[in-house]
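User: Could you take a close look at one part of this protein for me? I'd like to hear about the nonpolar core and what sits around it.

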Amino acid sequence: MRHRLRHWAHQIVERAARHAPTGHGFAALALISVLATWSFTIAVGPFLMAYCAAARTRWRAFTLVATLATAVAAVLLVRALEIGFAPWVAAQAPDLMASPAWARLEAWIADWGWAAMFAWLVLPLPQVPFVLLAALMHLPAWAIFTAFVFGKGLKYAVEAYLASVGAGVASAAVRRHLL
């Protein structure tokens, strides 16, 4: 299963490199970003970097598309999890939200707010715990959206910039030494 998933992801990255310079690149990257956010198993970064390496001058636009698509998908996912996941957790672990650990977690989010959410999303950590926590804590949609825009936006901007610069350096080296 894992091998097939990697093979599928590799094919998408190859197609991304072909479609990035065309007008379809933005729509495809937005769709990939939404599906990757909902899947919990595939990161957006490799796809974004493939697009930026293929169309180096568009790295800012690709960053914006991936960031906004991920943020909207995260808000929708959190709302869906609030409907299905939060009641299940409440039924399975009724004492969870009354526990001292939960109270500390809520206090941590209340004390650190944006800094805590931003730090979690900008670091190379999985977003699954953040999304599940947001669903269980019933965080407002604007807070989730803003945290994703700033946290993932900064992370994606760094990845996109490095991919576009790296692709430029690599192609210049190939031209200089091999052609």
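Analyst: Here's a walk through the main core, then its surroundings.

Keep in mind that this is a predicted model. The average pLDDT for the protein is 81, and 86% of the residues reach at least 70. Confidence peaks in α4, at 89, and bottoms out in helix α1 (residues 2–19), where the mean is 69.

Now the core. The largest nonpolar core has 25 residues, and the two that touch the most other members are Ile144 and Phe148. Four helices each put in at least two residues: α4 (59–92), α5 (100–122), α6 (128–137) and α7 (141–178). Of these, α4 is the top contributor, with 8 residues.

Let's zoom in on Phe148. Setting aside its neighbours within four places in sequence, you'll find Phe148 in contact with Thr67, Thr70, Ala71 and Ala74, and also with Leu121, Gln127, Phe130, Val131 and Gly153.

That isn't the whole story on cores, though. There's a second, separate one of 16 residues, and its members include Ala36, Ile42, Trp59 and Ala160.

Back to helix α4, since it carries a residue you might not expect to ask about: Glu82. Is Glu82 buried or exposed? Its relative accessibility is 16%, so it counts as buried; the cut-off for that is under 20%. Beyond its neighbours within four places in sequence, Glu82 is in contact with Pro87, Ala134, Ala135, His138 and Leu139.

One of those partners deserves its own look. His138 sits in the loop between α6 and α7. With a relative accessibility of 49%, His138 counts as partly exposed. Its backbone stands out too: phi is near 55°, a positive value in a residue that isn't glycine. For background, most residues other than glycine have a negative phi.

A positive phi turns up again just after α2, where Phe40 has a value near 65°. Helix α2 itself covers residues 24–39, and it ties into the second core through Ala36. Its buried residues are Gly25, Leu29, Ile32, Ser33, Val34, Ala36 and Thr37. If you want to check the helix's length, the sums work out: at 1.5 Å a residue, its 16 residues should span 22 Å, and the end C-alpha atoms are 22 Å apart, so the two agree.

To pull it together, Ile144 and Phe148 touch the most other members of the largest core, while Glu82 is buried in α4 and in contact with the loop residue His138.

Key
Residues are numbered from 1 along each chain as its sequence is written. This is a predicted model: local features need pLDDT of at least 70, side-chain atom pairs count only at pLDDT 80 or more; totals for chains, interfaces and linings use all residues. Side-chain values use heavy atoms; hydrogens and water are left out. A nonpolar core is a set of buried Ala, Val, Leu, Ile, Met, Phe, Trp, Tyr and Cys residues joined through side-chain atoms within 4.5 Å. Buried means under 20% relative accessible area, exposed over 50%, partly exposed in between (1.4 Å probe, protein chains only). Contact means heavy atoms within 4.5 Å. The expected span of a helix is 1.5 Å times one less than its number of residues. pLDDT is the predictor's confidence in each residue, from 0 to 100.
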